Amino acid sequence: MNVSHASVHPVEDAPTTEGGNAPRVRMKDLQGMPGTPGGLALRISQFVFAAAALVVMATTSDFPSVTAFCYLVAAAGLQCVWSLSLAIVDMYALLVRRSLQNHRVVSFFTVGDGMTSTLTFAAACASAGITVLIDNDLGSCAHNHCAQFETATAMAFITWFTSLPSFLLNFWSLASR
C-alpha cells in the first residue's frame, strides 16, 4: 500500500510558475475523509446505527416472513462489517499518523461506500414500504411488531444519512485528482 512515510525528504527548489505547467495544489484532508477524526466518527456512527437496525429487526420473531425485512437485516449486517473494518483502518491511520489519500485506497473506499450506501438505502425504502402497508393499508399493527419495524427502518435511514457523506467525500477526493 502506498501511503505517506514518516521520514522527511529534502525538498528541491520550487518550480517556477512562469510556464504553462503550474504546480498542482493538493487538496487538504477534509474532515470526513479516510484517515481523519471526522472520518472515524462517521464510520463509528454508521456502525452504531446499522447495528441498532440489525438488532432491533432481528429481535422480532416474524421478520423472516417478509423479504424486505430480510433484505434490511442483510444490508445492515454488511454495513456493520464494512463500517467496522474501515473504522479500524481509520484508527490505525490516525495512530501512526499516516494519510490514506492513495489513489487505490480511495478508489476501494469509494466503491465500497457507494455499494453499501445504495444497499442500505434500498433496504430502508423497501422496509418503509412494507411498514406503511402493514400499518396504514392493512391496519394490522396489533398483530405485528410495528414499533420495532419502524425503529429498524428509521435506524437504516440514519445509517444511510451517515454513510452518504463518506461516499461523497471519497468520490470528490477521487475525482479531484
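Let's start in the loop between α2 and α3, where Arg97 is found. Arg97 has a phi near 55 degrees, a positive value in a residue other than glycine. At 74% relative accessibility, Arg97 is also exposed (exposed is over 50% relative accessible area, buried is under 20%, and partly exposed is in between, with a 1.4 Å probe and protein chains only). Bear in mind that this is a predicted model, in which local features need pLDDT of at least 70 and side-chain atom pairs count only at pLDDT 80 or more, while totals for chains, interfaces and linings use all residues. Residues are numbered from 1 along each chain as its sequence is written, and side-chain values use heavy atoms, with hydrogens and water left out.

Now step back to the fold. The protein has four helices and zero strands, so the elements being counted here are DSSP runs, numbered from the N terminus: H or I of at least four residues for helices, E of at least two for strands. Along the sequence that gives the pattern α-α-α-α. Of the 177 residues, 38% count as buried.

Which helices do the buried Arg43 and Asp113 belong to? Arg43 lies in α1 and Asp113 in α3, so their pairing ties together parts that are 70 residues apart in sequence. The pairing is a salt bridge, with the closest N and O atoms 2.7 Å apart; the term asks for a side-chain nitrogen of Lys or Arg within 4 Å of a carboxyl oxygen of Asp or Glu. By this rule the count comes to one salt bridge, and both of its partners, Arg43 and Asp113, are buried. As a general point, side chains of opposite charge can pair when their charged atoms come close.

Staying with α3, we meet Phe109, which is buried at 4% relative accessibility. Phe109 and Ser166 sit 57 residues apart in sequence, yet their C-alpha atoms are 8.7 Å apart in space. A comparable link runs from Phe171 in helix α4 to Ser107: these two are 64 residues apart along the chain, and 7.9 Å separates their C-alpha atoms. Phe171 is partly exposed, with a relative accessible area of 46%. Over in helix α2 there is Leu86, buried at 3% relative accessibility. Its C-alpha is 8.4 Å from that of Pro34, with the two positions 52 residues apart in sequence.

What about empty space inside? Rolling a probe the size of a water molecule over the atoms shows where such space is left. The structure holds one cavity of 30 Å³ or more. Here a cavity is a set of points, on a 1 Å grid over the protein atoms alone, where a 1.4 Å probe fits but cannot get out, and lining residues have an atom within 4 Å of a point. The largest cavity has about 30 Å³ of space, the volume being that filled by probe spheres set on the points, which are joined across faces, edges and corners.

Around the largest cavity you'll find Ala50, Ala53, Leu72, Ala75, Ala76, Thr120, Ala156 and Thr159. Helices α1 (37–58), α2 (67–95) and α4 (146–175) each supply at least two residues of that lining, and α2 gives the largest share, with three. By type, the lining divides into six nonpolar, two polar and no charged residues (Ala, Val, Leu, Ile, Met, Phe, Trp, Tyr, Cys and Pro count as nonpolar, Asp, Glu, Lys and Arg as charged, and the others, Gly among them, as polar).

Finally, the outside. Tyr71, Leu78 and Leu119 make a nonpolar surface patch of about 230 Å². Such a patch takes residues with over 30% relative accessible area and no salt bridge, joining nonpolar side chains (Val, Leu, Ile, Met, Phe, Trp, Tyr) within 5 Å and like charges within 9 Å; areas come from the Shrake-Rupley method with a 1.4 Å probe, and for residues only the protein chains shown count as cover. Leu119 belongs to helix α3 (residues 103–137) and is partly exposed, with a relative accessible area of 31%.

Notes:
1 Å grid on protein atoms, 1.4 Å probe; cavity = no way out; pocket = protein on both sides within 12 Å on 5 of 7 lines; lining within 4 Å.
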